[in-house]
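Hi everyone, thanks for coming. I'd like to walk you through one structure today, so have a look at the screen.

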Amino acid sequence: FARMFVQVCLYFYCKCLWRCLKFVVRKLTGQCELQRICYNTKPGAARTMKIEASLKGSKSKRLQTSVNVHPDAIEKTIDDIMELKRINPDINPQLGVSLQACLLQIVGYRNLIAEVEKLRREPYDSENPQHEEMLLKLWKCLKPNSPLKARISKQWCEIGFQGDDPKTDFRGMGLLGLYNLVYFAEWDTEVAQQVLTDSLHPKYREVTKKELSQLSKAEWEKKKFDKAIGYSFAIVGINITDLAYNLLVSGALKTHFYNVAPEAPTLTHFQQTFCYLMHEFHKFWIDEDPLDIMEFNRVREKFYKRILRQLQNPEMALCPHFAASESLINM
């Protein structure tokens with residue numbers, strides 16, 4: 001009880017102290033917190049995340065709800081914020097522009113989560129011609145020189161599905177998994193085909209002396225005779241879709257999207273991020289050189305933690321290797 005009482009007192013003390021400090025700083029500088037953030041923080045994730053935290057932590061309901069408005073209402077919301085904070089837009093024209101860019105990113109991220117969630121919840125339907133067309137496009141992009149002999153065929157295993165009919169493999173991620181795989185195969189074809197080839201015929205990586213000293217005798221005997229371990233391309237793609245989805249929903253991808261998207265992040269940004277993650281996971285898998293496919297979850301978890309650490313840097317941009325993304329990053 002005493003510990004809880006102290007924590008409650010500390011909470012209210014800090015809350016009141018923080019508001020008092022903000023009041024004093026405003027009187028001394030003549031600027032509200034939003035102005036100080038926009039004028040003293042460069043554009044990108046650092047600025048947008050500070051603006052988002054400031055609005056959500058405001059004691060004003062109007063400011064708190066400004067991060068949830070419809071994109072069409074953002075201009076009106078900016079006017080309301082300027083009025084509430086008693087800021088003259090004629091004297092501070094750049095503030096409105098900066099706030100608008102930040103709100104577009106904040107609202108866009110929320111809408112992107114809704115769009116991705118909708119795709120994830122939509123199951124693959126073999127009776128839907130559009131779904132079937134996308135599935136066949138995936139095959140054509142990955143295996144352009146090998147015609148598919150039948151819709152239900154063992155050939156699907158060649159691109160990493162588990163059985164004769166891929167529709168059963170999309171249950172976990174719904175259409176989102178198919179959308180991502182098709183985007184990767186269609187827009188980053190050369191890399192996708194190379195990753196597929198490597199997953200089927202992985203090259204053995206030489207074990208260094210340091211690694212050798214860390215292997216047990218049993219592990220060394222197994223590794224000495226085994227070839228490098230491959231994986232099922234399509235199944236891993238669906239699994240990496242789940243990883244990208246978790247990064248998005250948890251808010252971890254805000255750092256990346258707020259740095260690469262000058263306005264609202266879109267589904268294309270998410271799909272480009274998926275392509276990057278597929279490419280990086282493939283390299284990570286080779287470097288990890290697992291003893292068998294049963295180590296997949298361990299390698300995936302280690303890869304996930306590495307990406308999370310990278311995204312903790314407010315200046316981090318995962319930088320998918322697409323011309324469109326590169327131009328956004330350079331802006």
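How much area does the chain expose, and what share of it do carbon and sulfur atoms supply? The chain exposes about 18,700 Å², with 56% of it supplied by carbon and sulfur atoms. Accessible areas here come from the Shrake-Rupley method with a 1.4 Å probe, and for residues only the protein chains shown count as cover.

Quick housekeeping: this is a predicted model, where local features need pLDDT of at least 70, side-chain atom pairs count only at pLDDT 80 or more, and totals for chains, interfaces and linings use all residues. Residues are numbered from 1 along each chain as its sequence is written, and side-chain values use heavy atoms, leaving out hydrogens and water.

Now, pLDDT is the predictor's confidence in each residue, from 0 to 100. The chain averages 87, and 83% of the residues score at least 70. Among the elements, helix α12 (residues 233-250) has the highest mean, 98, while helix α16 (residues 323-329) has the lowest, 40.

What's the fold made of? You'll find 16 helices and zero strands; these are DSSP runs numbered from the N terminus, helices being H or I with at least four residues, strands E with at least two.

Of the 331 residues, 43% are buried, meaning under 20% relative accessible area. Take Q35, which sits in helix α2 (residues 33-40). Why do we call Q35 buried? Because its relative accessible area is 5%. The Q35 side chain also makes a polar contact with the side chain of N92, at 3.4 Å. Polar contact here means a pair of N or O atoms within 3.5 Å, where within protein one must be able to donate a hydrogen and the other to accept it, and residues adjacent in sequence count only if both atoms are side-chain atoms.

Methods
Buried < 20%, exposed > 50% of the residue type's maximum accessible area, 1.4 Å probe, protein only.
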